[in-house]
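I open this notebook to record what I looked up in one chain. The entries follow the order of my queries.

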Amino acid sequence: MCLGAIASLGVPLEYLTEKLNALGIEKEYKLRMELVHRNTQQATKVYVDLSHHHHHHQDHHHGRHLPEIEEMILKAKLPHRAEDWSLAVFRQLAIAEGAVHGIAPEKVHFHEVGAVDAIVDIVGTCLGLDWLGIDNNENGLPLLYCSPLPTGGGTVKAAHGQMTVPVPAVLKLWEMRNCPVYSNVIEKELVTPTGAAIATTLAQDFGSPPAMIIKKIGLGAGSINLSLPNILRLWFGEVTSIQNISNNISHSQTNHSHIKTNHNHTETKHSHSQETETSDKLSPAIDITGSEITGLEITGLETTNLETVSVLETQIDDLSPQAIGYVFDELLAAGALDVFTQSVVMKKSRPGILVTVICHAEKLSCCEEILFKETTTLGIRRSHQQRNILQREICLVETKYGAVHVKIAWKEKNVISNIQPEYEDCADLARKYNISWREIHRLAVVSWYETQNSIKL
């Protein structure tokens, strides 16, 4: 998928093949690419086709050690940065694998990772990043940013037998870089050791993309179809300050860039604004974003909480309306986050309702079972979506009529977004003292603000 995204950005396959052949494995594989569709989206799929000779050879060859792979890379005389980055990725992976198996990194048998397709993936990706002219950071690594990574699930067959996803090497690599991860409820291997090694070695940071001017998007396709588009997205652009981006929007002559490419490299030239004086350099950078997108986005000190939720939908046109209220109660008691209905017109112009249930993944089966049991539906659609939720807490405040629970929500630290007294508490006091619900609600809000002011004093 990395190679596909890089090829999508314009790195010639002929260039990659020429440089990769210097590794001495040109007889063991062929590189090809095609445009494919993943959930109606077009992306570039790169194939590493292993030769029949290589398949036979693998039966007797159980992998490569790190020194052997390092020797292959050093003898290939690759572009300097591509060589350094490739070595760094394999060394990072060797450290992780060694930690998993309790052996020294140089003693690790790479198995799948040492296979030809994985060597092509890692070295080819580093060649492509170098070809694109990505600037280096202070550590000599590319200005590469990566979104949080999806955990996946289920099991996968590997050289060491059946393994739980994420496999141990991937978990170790994530641990080594303190990677943010999330679940999108897809029970497949979504991050391989090869992909994790590339991301954790080369990415400067994980989270939201930096302020940047987008130049081009590369789309690399995975092999299988998933409920979400199985596509790796590379955002290629120029990192700058927010002020400079604002200048670009305001002044059409500000911070133009011209990219000149040839077969071997990309040369990026920058011109300064004729209207504003600035010495800030626009640094080419790439942001890796999987189509599954993030479970946690981090921008400076602000945290945005994205969570994946499951959504169940079904239309019903032959159920007593009296049953709907009971279904609502059962679903909410089972842990559904929300349940709602909409009026729809179904086939043969019959009026019906669309029942929608939002729940966390672990509650999906239970909620689905209730819908089948308590309604007349014959089928339920499943989907997985993300929602951005505010941080929240519930506190107890005192009014002259009694205590009321108040829900407080915020997005940024010390910036309150919403204050809502609990409905049932307000309703109970309103009935008890025969006053309006709105008055109890108002008094609860006032009491909360008074409490906050007294704390500050």
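Which residues have the most contacts inside the largest nonpolar core? I note first that I am working with a predicted model. I found that the largest nonpolar core has 69 residues, and that Leu16, Leu20, Leu23, Leu31, Val120 and Val123 have the most contacts inside it. I then looked up the contribution of the helices: H6, residues 116–131, gives the most to this core, with nine residues.

I followed Val123 further. Leaving aside residues up to four places away in sequence, I listed its contacts as Leu20, Leu23, Ile73, Leu78, Ser86 and Phe90. Apart from the largest core I recorded another, of 15 residues, including Val339, Cys367, Ile370 and Ile380.

I turned next to helix H11, which spans residues 364–374. I listed its buried residues as Leu364, Cys367, Glu368, Ile370 and Leu371. Viewed down the axis of H11, these fall within an arc of 155°, so they line one face of the helix. On the face turned away from this buried side I noted the exposed residues Glu369 and Lys373. Two of the buried residues of H11, Cys367 and Ile370, are thus entries in my record of the 15-residue core as well.

I closed with values for the whole chain. I counted 13 helices and 21 strands. Of the 457 residues, 46% are buried. Among contacts between residues at least 6 apart in sequence, 66% join residues at least 24 apart. I recorded an accessible surface of about 23,900 Å², with 51% belonging to carbon and sulfur atoms.

Conventions
Residues are numbered from 1 along each chain as its sequence is written. This is a predicted model: local features need pLDDT of at least 70, side-chain atom pairs count only at pLDDT 80 or more; totals for chains, interfaces and linings use all residues. Side-chain values use heavy atoms; hydrogens and water are left out. Buried means under 20% relative accessible area, exposed over 50%, partly exposed in between (1.4 Å probe, protein chains only). Helices (H or I, at least four residues) and strands (E, at least two) are DSSP runs, numbered from the N terminus. The arc is that of the directions from the helix axis to the C-beta atoms. A nonpolar core is a set of buried Ala, Val, Leu, Ile, Met, Phe, Trp, Tyr and Cys residues joined through side-chain atoms within 4.5 Å. Contact means heavy atoms within 4.5 Å. Accessible areas come from the Shrake-Rupley method with a 1.4 Å probe; for residues, only the protein chains shown count as cover.
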